[in-house]
Amino acid sequence: MLKQVSLFSENRKGTLQRITGLLQEEGINILGSVTNDSAEYGIVRMVVSDTDKALEVLEKAGYLCKKTDVLGIELEDRVGALDYLLKALLESNINVNYHYLSFNRESNMPLIILHTDDITEVSECLKSKGFQLL
């Protein structure tokens with residue numbers, strides 16, 4: 001199971017760079033991220049090399065942050081791999097709240113970062129179906 005940092009930020013020029021700059025100054029690597037926006041605010045979700053330190057740095061800078069459990073699922077780099085994963089989840093009646101792509105630097109495999117309502121149950125389900133989780 002992986003830990004994800006989610007933060008709420010204003011949707012204005014330079015905000016994302018300020019966030020990445022704060023992390024860079026502390027030597028924190030962003031391993032995967034996604035940004036969802038609205039007219040005024042956005043949510044930045046990311047898996048980083050040091051979750052607790054990232055939370056500390058970002059909260060000190062005034063960002064509202066949250067740490068969340070997410071799954072990291074390795075997939076083959078081939079057509080239909082994500083579809084195969086989503087079919088396995090659907091067959092088990094599991095809803096995906098959101099997902100984004102990353103990369104497992106150790107195995108050189110694509111990595112889907114996935115959030116569902118019951119991370120532990122879904123983790124066990126996917127392991128039983130032969131999926132490789134981090």
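How many bridges pair strand 1 with strand 4, and in which sense do the two strands run? Before I answer, please keep in mind that what we are looking at is a predicted model. Strand 1 and strand 4, the latter covering residues 64-74, pair in the antiparallel sense, and seven bridges hold that pairing. If you want a place to put your finger on the screen, take Leu-7, which stands opposite Cys-65 in strand 4.

Strand 1 also pairs with strand 3, residues 41-48, where six bridges join the two and the direction is again antiparallel. Here the position to look for is Ser-6, which stands opposite Arg-45 in strand 3. Arg-45 has a further role in my picture, since it lies over the face of Tyr-98, at 3.9 Å from the ring centre.

Let me stay with strand 1, residues 2-10, a little longer, because Ser-9 lies in it and is buried, its relative accessible area of 7% being under the 20% limit. Leaving aside neighbours within four places in sequence, Ser-9 is in contact with several residues, including Thr-15, Ile-19, Tyr-41, Val-44 and Tyr-63.

Now to the salt bridges, of which a search of the whole structure finds eight. One of them joins Asp-69 and Lys-3, with the closest N and O atoms 2.4 Å apart. This pair links distant parts of the chain, for Asp-69 is in strand 4 and Lys-3 in strand 1, 66 residues apart. Both ends are partly exposed, Asp-69 with a relative accessible area of 29% and Lys-3 with one of 37%.

A second salt bridge is formed by Arg-12 with Glu-10, where the closest N and O atoms are 2.9 Å apart. Arg-12, at 55% relative accessibility, counts as exposed because the limit for that word is 50%, whereas Glu-10, at 40%, counts as partly exposed.

The side chains of Asp-83 and Lys-87 meet in another, at 3.1 Å from N to O, and these two residues both lie in helix 3, four residues apart, which is about one turn of the helix. Asp-83 has a relative accessible area of 41% and is partly exposed, and Lys-87, at 48%, is put in the partly exposed class as well.

Which residues have the most contacts inside the largest nonpolar core? That core has 16 residues, and the list of those with the most contacts includes Leu-71, Ile-73, Leu-85, Leu-126 and Phe-131. Strand 4, helix 3, strand 6 (109-115) and helix 4 each supply at least two residues of this core. Leu-85, for example, touches Ile-73, Leu-75, Ile-112, Leu-126 and Phe-131, if we do not count residues up to four places away in sequence. Apart from this core lies another, of 15 residues, among them Leu-7, Ile-28, Met-46 and Leu-58.

I would like to finish with the aromatic rings, where the count comes to one pair. Tyr-84 and Phe-131 form that pair, which is tilted, with 5.5 Å from centre to centre and 40 degrees between the planes. Tyr-84 lies in helix 3, residues 81-91, and Phe-131 in the loop between helix 4 (119-128) and strand 7 (132-133), so the pair ties together parts that are 47 residues apart in sequence. Is each ring's residue buried, exposed or something in between? Tyr-84, at 48% relative accessibility, counts as partly exposed, while Phe-131 is buried, with a relative accessible area of 9%.

Methods: Residues are numbered from 1 along each chain as its sequence is written. This is a predicted model: local features need pLDDT of at least 70, side-chain atom pairs count only at pLDDT 80 or more; totals for chains, interfaces and linings use all residues. Side-chain values use heavy atoms; hydrogens and water are left out. Rings of Phe, Tyr and Trp (its six-membered ring) pair if their centres lie within 6.5 Å; planes under 30 degrees apart count as stacked, over 60 as edge-to-face and the rest as tilted. Buried means under 20% relative accessible area, exposed over 50%, partly exposed in between (1.4 Å probe, protein chains only). A charge sits over a ring if NZ of Lys or CZ of Arg is within 6 Å of the ring centre and within 35 degrees of the ring normal. Contact means heavy atoms within 4.5 Å. Two strands pair if DSSP finds at least two bridges between them. A nonpolar core is a set of buried Ala, Val, Leu, Ile, Met, Phe, Trp, Tyr and Cys residues joined through side-chain atoms within 4.5 Å. A salt bridge is a side-chain nitrogen of Lys or Arg within 4 Å of a carboxyl oxygen of Asp or Glu.
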